[in-house]
Amino acid sequence: MADKHRQLWDQLGLLWMVVVMNPGYSQTEKELWKVHLNQWSCNDLCPLEDADARNSLNQGPGAIQTGSDRQRTIFNRAVEACTLEWIDPHLQAILNNDYYCNHESSERLGKFNTEGYPLWNEHFPTACARVDALRSHGYTNEALRLAVAIIRHLRKVQKDYLKQLKQAGSRKSKHRKSVQQHQSTSSALNELSNGLFGPTSSTSTQGDGPEAWVGHPLNPIGCLIHTLLEASTVPEEDPKPQSSKGSSKTSSSSASHHTSSSHHHHHHHHQQNSSSSSSSSSNSSSNSAPLSSPPRYRHVPVRGHRDSGDSYLMLAYEAVLIGLGQQRNMPVGFYAQDKACRAEEELIKKHRDIPLDERLVVVLQKQVKTLMEGGPLSGLGLSIPPESVPLHTFGRYLFQALLPHNEAMAYEVGLRALRLPILEDSPSSSGPDSSALTGSVNAVLMGRYPHWFVIGHIESQQCQLASCMMSAAKDNMKRLRSVLEAAQRHIHSASQLFKLAQEAYKVATPVDGVTHYTLLKATFELGLHIMGMTHVKLTWGRSDMVRWMVQCATEIGVSALITIMQSWYTLFSPTEATSVVASTVMAPSTAVRLNLNYRQQEELSRCARSVALQCAAKDPPACALSALTLCEKDPVAFKAAYQIVVDASAGAMNSQQLFTVARYMEHRGYPSHAYDLAVLAMRNLSLGYNQDAHPAINDVFWACALSHSLGKAQLSNMIPLVVKSVKCASVLADVLHRCTLTAPGIGCQPDVKLRCLKLLPYDKDPMRQLLDAAIGAYVNTAHSRLTHISPRHYGDFIEFLGKARETFLLAPDGHLRFAKLTDDLKIMYRGKKKLMHLVRERFG
């Protein structure tokens with residue numbers, strides 16, 4: 001099912017839940033709706049409550065599903081909501097009285113806080129669904145009163161939990177006793193939080209973690225803040241009165257006296273109200289943003305509780321902080337994970353619309369401190385389970401909001417939120433070595449935790465948080481150091497670290513501003529960390545990382561360039577070090593950019609040549625040519641690089657690589673060195689009878705031409721190697737033809753000696769040896785081709801024999817040898833009558 005359609009089904013399920021929770025409905029009406037909802041749920045086409053679940057396929061076509069086997073559908077929550085009642089006396093008192101309080105000893109019963117204000121303790125999403133139902137059906141004042149009681153209960157649970165946590169910590173530090181004491185403390189903490197979180201949802205998380213509020217199908221946080229912000233919105237300049245508040249019902253009990261017929265008459269009106277409520281709470285103000293300016297808010301004191309100093313805006317602001325800071329496990333399935341991410345971003349967007357003033361800053365700092373000390377129930381606690389959802393997006397928002405008011409707290413919460421527990425082991429999470437993370441990574445791969453489909457989005461948000469903190473600390477070395485260490489410890493994706501380094505580099509080197517060298521050096525250090533991470537296990541985009549690393553070092557200066565060259569073996573491969581690092585360092589543009597003097601240029605060049613020689617010795621096939629190029633202006637270094645190539649010819653370098661270096665040597669004006677390398681390359685070459693299109697043929701022609709130009713002695717040494725390595729008849733014949741066009745040594749002799757040069761005869765060495773090899777190759781190739789020849793290739797074979805005869809006739813007894821070849825063919829292959837007829841017709 002497409003995501004858009006799935007969202008519509010989710011909204012439909014929430015809509016029906018709001019409909020059946022109408023406080024004015026009688027029990028008969030609820031039972032009637034319950035029957036309809038159950039019928040719809042039993043339909044095989046009804047979508048499941050869990051969008052990532054699949055219908056059971058292992059049952060036969062006639063199998064009967066029991067109630068326990070049947071999976072929950074989108075209407076199950078509405079069916080369960082039909083059983084909810086509104087007759088609780090404490091609930092009725094909260095809904096009907098702004099001044100309902102108790103300053104006596106009722107706090108121990110959990111119905112009032114220490115100040116005597118009422119609390120509502122119920123499964124949190126269900127309690128928020130009550131608020132949404134009240135507001136959707138027109139009970140605005142009642143919805144406000146209940147929302148206030150719910151948030152005050154959240155405060156009390158936070159306060160009591162933190163108190164218990166501190167007592168447990170102090171008791172443990174004093175006595176350090178048995179495990180029983182620790183277990184009893186943990187059970188007490190869990191019992192304290194049961195009323196807040198309720199049972200774990202089967203569709204939201206895996207394991208025993210608390211039910212997540214962000215991304216919950218009932219959108220509990222969205223219901224609360226929408227109700228509270230609606231009461232805090234500054235009315236537009238409109239002569240019409242705000243009828244929504246004036247038309248609010250006075251109590252839910254009075255609504256229960258409405259007749260059944262009136263509720264059926266107004267059902268569609270209520271359904272439209274709840275639909276608009278659900279969509280507005282889930283989509284925030286994204287739909288109305290293009291049409292009108294964002295709403296303006298003001299502090300409206302809570303009615304009946306003026307002494308508390310709370311306003312509806314403060315409670316809404318605090319509710320979002322509590323909800324987003326909740327420790328929650330990653331849901332199972334792609335749709336649930338994606339929905340949780342989108343819900344978090346929508347809540348933060350809604351939160352940003354509330355302008356910070358002094359009162360809200362106090363709320364922000366107090367709540368952040370509580371979350372930081374909140375233990376396992378807080379996503380920003382010191383120790384959280386590995387499967388917890390990271391709070392990178394929320395942490396970035398808190399950092400930006402706190403930075404102008406409390407810098408120390410901003411960095412503390414930012415560093416805490418930078419964690420990615422699923423990729424970290426608790427024993428080694430504080431260490432910088434990323435290799436110790438294999439335990440948790442393997443646990444994920446082996447299925448211990450659910451598959452994280454949104455890991456790419458999470459790592460991107462983590463990178464943005466780190467980038468935000470590094471940019472803010474660009475001139476503070478102490479802050480920058482802490483952020484840098486945290487990024488290296490918690491960010492495990494090399495591509496995200498590289499993205500972070502690039503963004504920090506842009507901030508450190510503005511186009512029109514002053515360079516921030518503190519941030520630039522931190523970026524350089526981060527680049528060294530990235531190079532070390534990707535050195536052993538190559539990563540996609542590694543070439544971009546290497547070029548950026550050299551660019552960053554160049555921006556800092558000579559010291560940084562020397563640093564990366566001196567430790568190249570831990571940062572770069574030999575190819576990268578020669579072709580990118582050393583080449584860039586020795587480029588004239590680098591000296592111009594850094595405005596180097598002669599001494600500095602020589603220092604960098606000497607270091608670069610040293611790197612090139614080390615790389616050539618470590619990987620001659622890939623780096624020898626680059627090393628020769630870089631060392632060309634230094635005779636000693638150039639000779640050392642040439643010797644490395646000679647030593648590598650015994651096995652490390654193949655003939656093609658040696659020919660490439662030899663051609664380079666000839667191009668640079670070293671023909672004798674080129675000849676020596678060509679000899680070594682020819683010894684490693686092997687060319688078969690039928691390889692007349694081998695890429696090394698041109699190298700053979702070049703080597704023979706080079707030897708021919710140097711003189712008869714060099715050619716005499718080269719020909720035996722050619723005969724030994726090349727068995728292809730056409731190549732040998734072509735070499736024979738090329739070597740006899742001009743006299744050997746004509747390219748390097750003075751003009752006075754040109755008259756003494758003569759063409760090489762075919763009947764004397766070295767040409768006789770080459771001619772005999774060519775004739776023998778033609779004979780062997782002829783027999784080889786006739787072994788498996790088809791009639792359509794008869795014409796090609798006749799052309800082949802014609803070229804062979806031209807080579808045969810160069811020998812003194814060539815006509816006799818060719819005649820013997822044709823006679824042998826006629827006898828051995830007399831069965832191929834048509835072919836032999838063509839041979840007689842062409843050659844007699």
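This section describes the overall make-up of a predicted model and then three of its local features.

The chain has 39 helices and 0 strands. Of its 844 residues, 49% are buried. Long-range pairs account for much of the contact map. Among contacts with a separation of 6 or more, 74% join residues 24 or more positions apart.

Confidence was examined next. The mean pLDDT of the chain is 83. A value of 70 or more is reached by 81% of the residues. Two stretches fall under 50, residues 197-207 and residues 426-440. For residues 197-207, the model has 33 contacts beyond four places in sequence. For residues 426-440, the model has 16 contacts beyond near neighbours in sequence. Where pLDDT is low, predicted coordinates should not be read in detail.

Helix 17 spans residues 407-417. Its buried residues are M409, A410, Y411, V413, G414, R416 and A417. The list includes the arginine R416 and the glycine G414. Several helices help to cover these buried positions. Among them are helix 15 (358-372) and helix 16 (392-402). Helix 19 (455-472) and helix 20 (477-490) also contribute to the cover.

Helices 21 and 22 form a packed pair. Two packed helices are described by the angle between their axes and the distance between the axes. Helix 21 covers residues 494-508, and helix 22 covers residues 517-536. Their axes lie 9 Å apart, at an angle of about 160°. Angles over 145 degrees count as roughly antiparallel, so helix 21 is roughly antiparallel to helix 22. The crossing of helix 21 past helix 22 is left-handed. On the helix 21 side, the contact involves A494, L497, F498, L500, A501, A504, Y505, V507 and A508. These residues meet L519, L520, T523, L526, H529, I530, M533 and T534 of helix 22. By class, this contact has 14 nonpolar and 3 polar residues. No charged residues take part.

The last feature centres on T554. This threonine is placed in helix 23, which runs over residues 542-556. Its relative accessibility is 5%. Buried means under 20%, so T554 counts as buried. Beyond its neighbours within four places in sequence, T554 is in contact with L561, T590, R593 and L594. A591 provides a further reference point for the position of T554. The two residues are 37 residues apart in sequence. Their C-alpha atoms are 9.8 Å apart in space.

Terms used
Residues numbered from 1 in each chain as written. Predicted model: local features only at pLDDT ≥ 70, side-chain atom pairs only at ≥ 80, totals over all residues. Heavy atoms only, no water. Buried < 20%, exposed > 50% of the residue type's maximum accessible area, 1.4 Å probe, protein only. Helix = DSSP H or I, 4+ residues; strand = E, 2+ residues; numbered from the N terminus. Contact = heavy atoms within 4.5 Å. Axes fitted to C-alpha atoms, helices over the stretch in contact; angles between N-to-C directions. Parallel < 35°, antiparallel > 145°, perpendicular 65-115°, else oblique. Left-handed = near helix turned anticlockwise from the far one by under 90°. Nonpolar A, V, L, I, M, F, W, Y, C, P; charged D, E, K, R; others polar. pLDDT = per-residue confidence, 0-100.
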